[in-house]
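User: I am new to this structure and would like a close look at a single part of the chain. Please keep to that part at length, and then set it in its surroundings.

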Amino acid sequence: SFGATVSFEPLEPRQSGAKVGKMGYLNFLALAGALMSVGLMFLNDRIGGYASAWLSDFSATQMPDLHGKVALVTGGNTGIGKVTAVELARKGAHVIFTVRDEEKGVNALASMKEMLGEEAIVAKLDYGILELSSLESVRSFADWFLAKEIPLHMAILNAGVMACPYTTTEDGFEMQFGVNHLGHFYLFKLLEAKLKESAPARVLSVSSLAHYHPYEGGIRFDALRSPDGYSEWGAYGQSKLANVLFAFEAAERLKGTGVSVNALHPGAIATDLGRHLEKKLPESGKKVLKAVVDTLLSMTPDQGALTQLYVATMPAGAQTGLYFRPVGRTETPSELVFNETLRKQLWDISEGFIAD
């Protein structure tokens, strides 16, 4: 004995192996769930879903004042085209949006004014009739627009169809190629001089992630008027690739004019663009599947319009020959886009089609 007192802390009772195993399993599940959530967010962002909007700090309120600017938005009566038209008008732009018939125009205009609220009193919104599946209609609309003798600072080529069954335009072209590419190409050619005259001006070609997945080889030049080998998704990818090929070739041809031309993927958006797909689903599962996709994967139209609003109005959009993804980020498009021979071939054949 050295006169010191030694004390011992009571030991904590050891946990049973079963309890340790249970806690380890729960921790594993929590970690797996967290990793899965991060992975799903990453994948959702890659397709341009809701995560892309969440990760962005851009909103329509950040657009500059647009008084004195004139914007054209094709397909402006529904979806992201409608939101785009409203938000540009809210910032002071004179917006002309296109619809396929008078009734759609009247209804869309009334709806837009409701969306604008008190701002509708000073907003400048007009609509014109444009059926992109008819080259005659495209000519008629362009004549109507040019007769207004107003400038054109933003041409947002937004309208389109997606994965529809094989059918043809009024002029005999496969519908998706005819509407998504050729109709817009012709409209651009008819308004090209006005855009140059109004410079600085911007052209936005609204494409899709699907442009990475066209038919093998990209564009089936020998089947643009034929149902042979038709694939709804192959044709959609082909038309969306054509949108990017057009934008990059136009950007090259318009260098030095003050007109920028860019392509963009707006994102995975809950709109009626996929109406042809919904028709194939059984009634029992149609509403459920649509609700799941719209709620868990897709952006709302308000979110989906952000990328084209960004490219149309923010400084980055003054650059030319770029491909944007949600929200306003540049990305490398399909390697086919850098094939100059393919770009020029599409341009030349398109010019031939509209000259017929």
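Is Ser205 buried or exposed, and what is its relative accessible area?

Analyst: This is a predicted model, in which local features need pLDDT of at least 70 and side-chain atom pairs count only at pLDDT 80 or more, while totals for chains, interfaces and linings use all residues. Residues are numbered from 1 along each chain as its sequence is written, and side-chain values use heavy atoms, with hydrogens and water left out.

Ser205 is buried, because its relative accessible area is 3%, where buried means under 20%, exposed means over 50% and partly exposed lies in between, with a 1.4 Å probe and protein chains only. The residue belongs to strand S5, which covers residues 201-206; strands here are DSSP runs of E with at least two residues, helices are runs of H or I with at least four, and both are numbered from the N terminus. Leaving out residues up to four places away in sequence, Ser205 touches Leu157, Asn243, Phe246, Ala247, Asn262, Ala263 and Leu264, a contact being heavy atoms within 4.5 Å. With Asn243 there is also a polar pairing, since a polar atom of the Ser205 side chain lies 3.0 Å from the backbone oxygen of Asn243; a polar contact is a pair of N or O atoms within 3.5 Å, and within protein one must be able to donate a hydrogen and the other to accept it, with residues adjacent in sequence counting only if both atoms are side-chain atoms.

The strand that holds Ser205 also takes part in the nonpolar interior. In the largest nonpolar core, which has 56 residues, the members that touch the most others are Phe145, Leu187, Phe188, Leu195, Val203, Ile219 and Val261; such a core is a set of buried Ala, Val, Leu, Ile, Met, Phe, Trp, Tyr and Cys residues joined through side-chain atoms within 4.5 Å. S5 supplies at least two residues of this core, as do S1, H5, strand S4 (154-157), H6, H7, S6 and H12. A second, separate core has 41 residues, among them Ile80, Val206, Ala312 and Ala316.

Among the elements that feed the largest core, H5 can be followed in detail. Its buried residues are Leu135, Ser137, Val138, Phe141, Ala142 and Phe145. Seen down the axis of H5, these buried residues fall within an arc of 155 degrees, so they line one face of the helix, the arc being that of the directions from the helix axis to the C-beta atoms. The face turned away from the buried side carries the exposed residues Glu136, Asp143 and Ala147. The buried residues of H5 pack against strand S1 (70-73), strand S2 (94-99), strand S3 (124-129), helix H6 (175-198) and helix H12 (340-355). Phe145, apart from neighbours within four places in sequence, is in contact with Val70, Ile96, Ile150, Pro151, Leu152, Leu191 and Lys194.

A loop residue offers a contrast with Ser205. Gly256 lies in the loop between helix H7 (232-253) and strand S6 (259-264), and it counts as exposed, with 84% relative accessibility.

For the chain as a whole, there are twelve helices and eight strands, and buried residues make up 50% of its 356 residues. Of the contacts with a separation of 6 or more, 78% join residues 24 or more positions apart.
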